[in-house]
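Please look over the sequence and the model before reading on, and keep both in view while the text leads you from the whole chain to single residues.

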Amino acid sequence: QVRVVESGGGLVQAGGSLKLSCQASGSISSIRAMAWYRQAPAKQLELVATITSVDSTDYADSVKGRFTISRDAPKNTVYLQMNSLKPEDTAVYYCKLTPTTPWGVAYWGQGTQVTVSS
């Protein structure tokens, strides 16, 4: 059983900052990658940022230069530092864990709401 729990969401004014956390626990052999996704109302799920086991990172164009993904490997925790927030960043943010094995499996958290007011 693997559990993924996000935290850190909330309400912030435009231009402000938030830091999301995602902690994984349970039967995890090793982690291949962790990622943050978001889904705004009436919009599709969007990949925001990823980080691999060798700390390679990637970002959606819409957040480059504003968001930073990082991890604490021993704690199976990934963070998303969000700066210069915009109203269009408003969404539910989900954390996804992809283990090394078994192949083709992913674990998701329940999501945390981020609301940016103008």
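What share of the 118 residues in the protein is made up of buried residues? Buried residues account for 40% of them, where buried means under 20% relative accessible area, exposed means over 50%, and partly exposed lies in between, with a 1.4 Å probe and protein chains only. What you see is a predicted model, in which local features need pLDDT of at least 70 and side-chain atom pairs count only at pLDDT 80 or more, while totals for chains, interfaces and linings use all residues. Residues are numbered from 1 along each chain as its sequence is written, and side-chain values use heavy atoms, with hydrogens and water left out.

Consider the overall build before the details. The protein has 0 helices and 11 strands; both kinds of element are DSSP runs numbered from the N terminus, helices being H or I with at least four residues and strands being E with at least two. The radius of gyration, which is taken over C-alpha atoms, is 14 Å, and the globule rule (2.2 Å times the number of residues to the power 0.38) gives 13 Å for 118 residues; the two values are close, so the protein is as compact as a globular protein of that length. Along the principal axes, the C-alpha atoms fill a box of roughly 45 × 25 × 25 Å. Among contacts (heavy atoms within 4.5 Å) between residues at least 6 apart in sequence, 53% join residues at least 24 apart.

We can now turn to the interior. In soluble globular proteins, nonpolar side chains tend to be buried together. Here the largest nonpolar core has 30 residues, a nonpolar core being a set of buried Ala, Val, Leu, Ile, Met, Phe, Trp, Tyr and Cys residues joined through side-chain atoms within 4.5 Å. Within this core, Trp36, Leu80, Met82 and Tyr93 touch the most other members. Several strands each supply at least two of its residues, among them strand 1 (2-7), strand 4 (31-39), strand 8 (77-82) and strand 9 (91-99).

Leu20, which lies in strand 3 (residues 18-26), gives a closer view of the interior. Because its relative accessibility is 0%, Leu20 counts as buried. Residues up to four places away in sequence aside, Leu20 touches partners that include Trp36, Leu80, Met82 and Tyr93. Tyr93, with the same neighbours in sequence left aside, is in contact with residues including Leu20, Trp36, Leu80 and Met82. The C-alpha atoms of Leu20 and Cys95 are separated by 9.6 Å, although these residues are 75 residues apart along the chain.

The loops deserve a look as well. Pro87 is found in the loop between strand 8 and strand 9 and, at 34% relative accessibility, counts as partly exposed. Not counting residues up to four places away in sequence, Pro87 touches Ala14, Val116 and Ser118.

Most residues other than glycine have a negative phi, and most peptide bonds are trans. Ala42, in the loop between strand 4 and strand 5, has a positive phi of about 65 degrees although it is not a glycine, and Ala42 is exposed, with a relative accessible area of 93%. Asn76, in the loop between strand 7 and strand 8, has a positive phi near 50 degrees and is partly exposed, with a relative accessible area of 24%. The peptide bond from Thr101 to Pro102 is cis, with omega near -5 degrees, and Pro102 has its place in the loop between strand 9 and strand 10 (107-108).
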